[in-house]
Every structure is written in structure tokens, then in C-alpha cells.
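Hi everyone, thanks for making time this morning. I'd like to walk you through one structure, and I'll try to keep it short.

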Amino acid sequence: MHFAKGPRKCSTSNLPKSVRPRLHTRPNQKRETSMSRYKWVHHNDTKLFQVGILPDGTLYNPNGYPDIEVRAAVLAADQRRHERRSRAAKEASKTRALRQQRKVHTIAHRIAARQSTGPRHHCYVCGRGLADPQSITRGIGSECWQDVLNEIERLRRNSP
Ligand SMILES: [Zn+2]
């Protein structure tokens with residue numbers, strides 16, 4: 001078993017911070033809507049410097065650009081930023097899933113060849129902390145272990 005059961009695989013988020021092997025939250029990912037202030041934004045063919053929309057909806061506009069242009073430019077910049085971030089997040093989760101799939105495959109081969117996979121204190125597949133002796137011995141947490149078993153089964157079926 002992994003440290004704790006949660007909505008995500010191998011969740012460790014209810015452990016004290018000091019022993020959490022990897023954080024699931026990303027502290028540098030701020031909420032996007034609270035306030036947007038930019039050093040500069042593109043607006044048509046020019047740039048507006050030091051503009052933003054404050055949490056109460058008023059404009060941050062020390063350079064005194066026309067309000068309507070500031071608002072349009074900031075909203076457009078927010079939109080671009082949002083798209084960029086969700087694209088990056090999707091990319092990252094795809095990469096992570098692929099990497100884990102590859103690891104499941106590698107470890108399944110190793111197990112099929114009767115090579116040892118542990119002991120480890122972090123899951124070979126997902127990298128999160130392992131707590132119980134059985135998981136530590138094999139180096140794979142229980143949720144990932146199920147994936148590994150499926151992969152071993154698949155390899156067996158596919159081998160002549
Ligand atoms: Zn795992």
C-alpha cells in the first residue's frame with residue numbers, strides 16, 4: 001500500500017509536510033482570476049506598459065491609457081495566459097502518463113524475468129512514498145502494482 005488512500009493514485013497529501021516525498025499541489029500556480037497586472041501587454045500593434053484589472057474590477061493604469069483599450073488588452077492577455085497554462089498542464093499530464101506507462105512496462109519485464117524490483121521507499125512507477133513493508137519490498141505501491149500486474153498479464157498473453 002502507498003501512504004494514504006485518496007482521489008489520486010498513491011496520494012500522500014495527508015501526511016505531514018516533512019515526510020511527504022512529493023507535493024501534489026503546486027504552490028507556484030496561483031489562482032488566475034484574482035488580479036491581473038502586467039508589466040506590459042500587446043495591444044494591436046503597440047504595447048501598453050503597467051496595466052491591469054484589480055480585484056474590484058477597477059483598472060490599474062498609471063500611464064493613463066484609454067480605459068477601454070486597457071480593459072480589452074488585459075482581458076486578451078488573461079485569455080492568452082489561460083490558454084498557455086492549460087495547454088502546458090495538459091502536455092505535462094500527458095508526459096507524466098507516458099512516463100509511468102513506460103515504467104510499468106519496464107518493471108513488468110523485470111518481474112517476468114524474476115529480477116528483484118525492491119526494496120525501495122518510493123514507488124518505482126509514480127515516485128511517491130511507500131509505507132507498508134510489502135510495497136517497500138517490491139518497490140511498488142499497491143495502486144501501481146495493479147497496473148504492473150495487468151502489464152505482466154498482457155506480456156504473457158502476447159508472448160508465444
Ligand atoms: Zn505508485
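What is the mean pLDDT of the protein, and how many of its residues reach 70 or more? This is a predicted model, so that seems a fair place to begin. The mean pLDDT is 85, and 79% of the residues reach 70 or more. Please be careful with two stretches. Over residues 5-9 the pLDDT stays under 50, and the model gives them seven contacts beyond four places in sequence. Residues 11-15 are also below 50, and there the model has 17 contacts beyond near neighbours in sequence.

Now the overall layout. The protein has three helices and three strands. Reading from the N terminus, the elements run β-β-β-α-α-α. Of the 160 residues, 21% count as buried. If you take the contacts between residues at least 6 apart in sequence, 37% of them join residues at least 24 apart.

Let's look at the sheet. Its three strands form an open sheet in the order 1-2-3, with antiparallel pairing. Strand 1 and strand 3 are at the edges and have a single partner strand each, so one side of each is left without a neighbour in the sheet.

Strand 1, residues 36-43, pairs with strand 2, residues 46-53, over seven bridges. If you want a landmark on your screen, find Arg37, which stands opposite Gly52 in strand 2. The hairpin these two strands make has two residues between the strands, and Asn44 there takes a positive phi near 50°. On the other side, strand 2 and strand 3 pair over two bridges. Here the landmark is Ile53, whose bridge partner in strand 3 is Leu59.

While we are in strand 2, have a look at Gln50. Most residues other than glycine have a negative phi. Gln50 is not a glycine, yet its phi is positive, about 55°. Its place is in strand 2. Is Gln50 buried, exposed or partly exposed? Gln50 has 15 C-beta neighbours inside 10 Å, so it counts as partly exposed.

On to helix 1. How far apart are its end C-alpha atoms? They are 67 Å apart, which agrees with the 68 Å that its 46 residues should span at 1.5 Å a residue. Helix 1 lies across strand 1, strand 2 and strand 3, and runs at about 100° to strand 1.

Which residues of helix 1 are buried? They are Val70, Ala73, Val74 and Ala77, together with Lys103, Val104, Ile107 and Ala108. As a general reminder, an α-helix has 3.6 residues a turn, so residues three or four places apart point the same way. What covers these buried residues includes strand 1, strand 2, strand 3 and helix 3.

That brings us to the cores. The largest nonpolar core has 12 residues, including Val104, Ile107, Ala108, Leu130, Trp145 and Val148, and also Cys123, Cys126 and Cys144. The elements that give two or more residues to this core are helix 1 and helix 3, the latter at residues 142-158. Apart from this core lies another, of eight residues, among them Leu48, Val70, Ala73 and Ala77.

A good residue to click on in the 12-residue core is Ile140. Which residues does Ile140 contact, leaving aside neighbours within four places in sequence? The list is Ile107, Thr117, Cys123, Tyr124, Val125, Ser135, Trp145 and Val148.

Last stop, the loop between helix 1 and helix 2. Helix 1 is followed by Arg114, with a positive phi near 60°, and Arg114 is not a glycine either. With 6 other C-beta atoms within 10 Å, Arg114 is exposed. Pro119 lies in this loop too, and the peptide bond from Gly118 to Pro119 is cis, with omega near 0°. In general, most peptide bonds are trans.

Further along the loop is Ala131. Ala131 is partly exposed, with 17 other C-beta atoms within 10 Å. From Ala131 to Gly141 is 10 residues in sequence, and their C-alpha atoms are 8.6 Å apart in space.

If you take away two pictures, let them be helix 1 lying across the three strands, and helix 1 and helix 3 each giving two or more residues to the largest nonpolar core. Thanks for listening!

Note on methods: Residues are numbered from 1 along each chain as its sequence is written. This is a predicted model: local features need pLDDT of at least 70, side-chain atom pairs count only at pLDDT 80 or more; totals for chains, interfaces and linings use all residues. A nonpolar core is a set of buried Ala, Val, Leu, Ile, Met, Phe, Trp, Tyr and Cys residues joined through C-beta atoms within 7 Å. A residue is buried if 20 or more other C-beta atoms lie within 10 Å of its own, exposed if 12 or fewer, and partly exposed in between; C-beta atoms are placed from the backbone. Helices (H or I, at least four residues) and strands (E, at least two) are DSSP runs, numbered from the N terminus. Two strands pair if DSSP finds at least two bridges between them. The expected span of a helix is 1.5 Å times one less than its number of residues. Axes are lines fitted to C-alpha atoms, for helices over the stretch in contact, and angles run from 0 to 180 degrees between N-to-C directions. pLDDT is the predictor's confidence in each residue, from 0 to 100.
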